[in-house]
Amino acid sequence: MLEDNEGFSYPVVDKNLCVDCGLCEKVCHELKPYERRTPLRVLAVINHDENIRSESSSGGIFSIIAEQIIKDGGVVFGAKFDNQWQVTLDYTDSIIGLSEFRGSKYVQARTANTYAMAEKFLKNGRKVMFSGTPCQIAGLHHYLNKQYDNLLTVDFVCHGVPSPKVWGRYLDEVARDTNKVISSIEFRNKDNGWKLFNFKLFYTENDNTYFISSCHQQNHYMRAFLSDLILRPSCYDCKAKHGSSMSDITIADYWGISKNHPEMDDDKGTGLVFVNSDKGNAYLDLSKCKYKDTKYSDASNHNPGLGNVTKPHMNRKKFFAVIDDADRVCDLIDKMLKPTIIQRFADFLVDTKDLCYKQWLKVNKTIKLLILQFNNVDNMDC
Ligand SMILES: Cc1cc2nc3c(=O)[nH]c(=O)nc-3n(C[C@H](O)[C@H](O)[C@H](O)COP(=O)(O)OP(=O)(O)OC[C@H]3O[C@@H](n4cnc5c(N)ncnc54)[C@H](O)[C@@H]3O)c2cc1C
C-alpha cells in the first residue's frame, strides 16, 4: 500500500512478482459492486446503559451487539486509535476491550491485516463480528468469497472518510509539541448535547491535564470533514452505499428523531438501525434497549449520509494541491471554506442541473446577466 500526496493509501502491484491471475481485480468491490438492498426492518434505538450511551456517538447500539458476541465466546473487530492517534481496525475478545472501539473516529481507518485475522477465527469456528465502513465490509465479503454462519457484519451510514494526513497535520498543530502528551480524543463529545456535539481532546503537560473543546461547527478539522473538503476520492462515488456492502446490520444517527418520534429524543443520542438480514435480526437483542419501529423514508429525510453520493467541496483539488506548502493547515482550511462569490455562482450552476431544463435555462440566463453586471464593477467580490 502506498500513500499519495493527499494521505490516502492505495494498493500497488509489484509487476515483478505478479503472475497475472487477475484475482485482485475479481475481488475488487469498486469493479464488482454488490447489489443494493432495502432493510428488512428500521428502528430507532437507545441503549438502556447510560454510561455506554454517553461514550458512544449516538444510541450505543454497537456495544449491545458486540457484547452479545463476546458473551458467546466470539471476537469483535472495530476501529481504535493507534499510538500516533491515527485510526486502525483491530479486534478484541473482552467486554472491556470494546471501549476502545466505541465512538466515531472521523479519519480513514487502516484495514491492516484484519481480513486475514478474521478469516482465521472464522475457520476455527469462532463467532466473529466485523464492524467498519460500508466499503470495508464489502471488501471483507469479497475477500472471504464464502458465506460463514459464524460471521456477523455491521457497518454504518457513512458520509465519507477524511484523509489521515490532514488529521495528522491538524493534531501536530493543535496538540503535539514536546511538552504535551495527548491522552484521549472524542470526536462526538456530548457535554453540550448530542446534536451540538463537541470535538474534545485531552492532553497532559507538566503533570496537569488540560483539554481543548469546540463545537463541531467551529472546529477546523470537523468543518473540513463536514464540508466534504478532505474525503477520500472514492467516497464521492461510493459503491457500497444503500445496503450494497452486504452487512447484516447498519447503524447510524437518527437525525430528525425530535420530529419523527419526540418521545425517543432526550438529546443524549438516538441510534438508527437497519436490520438487513435474518442473521442480523437474530443477533439484535432488543431487551437491552428502548426502541421504536420507524420508516426508512422518515429517517433518510434528515440524514445526508443516506442520500446519494457526497459531492466534493469546490476547493477540494486546490486544497490538496497546496497543502504541502501551507504553514498551518487550520489557516488553509479557513481559506478554502470561504469561497469567492464567483465560485459560489459556479457551484450554484452545477446544482441547478438537477432542475428541469426550462427552469435551468432561466436560472442560467439570470446568472449570466448578473455576471455581466458584476463585470462593470471594479471589485467583483463586492
Ligand atoms: C467516517 C464516519 C462517517 C459517518 N457518517 C455518518 C453519517 O453520514 N450519518 C450517520 O447517521 N452516521 C454516520 N456515521 C456513524 C455514526 O457516527 C455512529 O458511529 C453510529 O451512529 C453508531 O453509533 P453507536 O452509538 O451505535 O456506536 P459507537 O460506539 O459510536 O460506534 C462505534 C462503531 O463505529 C466504528 N468506527 C468508528 N470509527 C471508525 C472508522 N474511522 N472506521 C471504521 N469504523 C469506525 C467502531 O468500530 C464501532 O463499530 C459515521 C461514522 C464514521 C466513522
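**Strand pairing and domain contacts in a predicted model**

In the smaller set of strands described here, F199 stands opposite S214 in β10. The structure is a predicted model. F199 belongs to the pairing of strand β9 (residues 198-205) with β10, which runs in the antiparallel sense over 8 bridges. These two strands belong to an open sheet of 3 strands with the order β8-β9-β10 and antiparallel pairing. Its edges are formed by β8 (180-189) and β10 (208-215), each of which pairs on one side only. With direction ignored, neighbouring strands of this sheet are turned by 15° against each other on average. Helix α6 (residues 164-174) packs on this sheet and touches β8, β9 and β10. The direction of α6 makes about 125° with that of β8.

A further open sheet contains 8 strands in the order β5-β4-β6-β7-β11-β12-β3-β13, and its pairing is mixed. Strands β5 (87-92) and β13 (289-293) stand at the edges with a single partner strand each, so one side of each has no neighbour in the sheet. From one strand to the next, the twist averages 25°.

At the β5 edge, β4 and β5 run antiparallel and are joined by 6 bridges. F81 stands opposite V87 in β5. The two strands form a hairpin with 5 residues between them, and W85 in the turn has a positive phi of about 65°. A salt bridge is also formed between D90 and K80, whose closest N and O atoms are 3.0 Å apart. D90 lies in strand β5 and K80 in strand β4, 10 residues apart in the chain. The structure holds 23 salt bridges.

Elsewhere in the 8-stranded sheet, strand β7 (residues 151-156) runs parallel to strand β11 (residues 249-253), and 3 bridges join them. V154 has I249 in β11 as its bridge partner. Two helices are placed against this part of the fold. Helix α5 (residues 134-144) packs on the sheet, where it touches β5, β6 and β7, and its direction makes about 155° with that of β7. Helix α4 (residues 114-123) lies across β4 (75-81), β5, β6 (128-132) and β7, and runs at about 160° to β6.

The protein chain is divided into three parts: domain 1 (2-157 + 231-306), domain 2 (164-225) and domain 3 (339-382). Taken over C-alpha atoms, the centres of domain 1 and domain 2 are separated by 24 Å. Domain 1 gives 29 residues to the contact and domain 2 gives 21 residues.

The size of an interface is often expressed as the accessible area that is lost when the parts come together. Between domain 1 and domain 2 the buried area is about 2,100 Å², and carbon and sulfur atoms give 58% of this. On the domain 1 side, W85, Y106 and D267 supply 36% of the area buried against domain 2, more than any other three residues. W85 is also the residue with positive phi in the turn between β4 and β5.

Charged and polar pairs also occur across this interface. There are 3 salt bridges between domain 1 and domain 2. The structure also has a salt bridge between D253 and R188, with the closest N and O atoms 2.6 Å apart. The count of residue pairs in polar contact between domain 1 and domain 2 is 16, with both residues at pLDDT 80 or more. On the side of domain 1 that touches domain 2, the elements giving two or more residues are α2 (50-55) and α8 (257-260).

Technical notes. Residues are numbered from 1 along each chain as its sequence is written. This is a predicted model: local features need pLDDT of at least 70, side-chain atom pairs count only at pLDDT 80 or more; totals for chains, interfaces and linings use all residues. Side-chain values use heavy atoms; hydrogens and water are left out. Two strands pair if DSSP finds at least two bridges between them. Helices (H or I, at least four residues) and strands (E, at least two) are DSSP runs, numbered from the N terminus. Axes are lines fitted to C-alpha atoms, for helices over the stretch in contact, and angles run from 0 to 180 degrees between N-to-C directions. Contact means heavy atoms within 4.5 Å. Domain bounds come from an automatic or database domain assignment. Buried area is the accessible area (1.4 Å probe) that two parts lose on being put together, summed over both. A salt bridge is a side-chain nitrogen of Lys or Arg within 4 Å of a carboxyl oxygen of Asp or Glu. A polar contact is a pair of N or O atoms within 3.5 Å; within protein, one must be able to donate a hydrogen and the other to accept it, and residues adjacent in sequence count only if both atoms are side-chain atoms.
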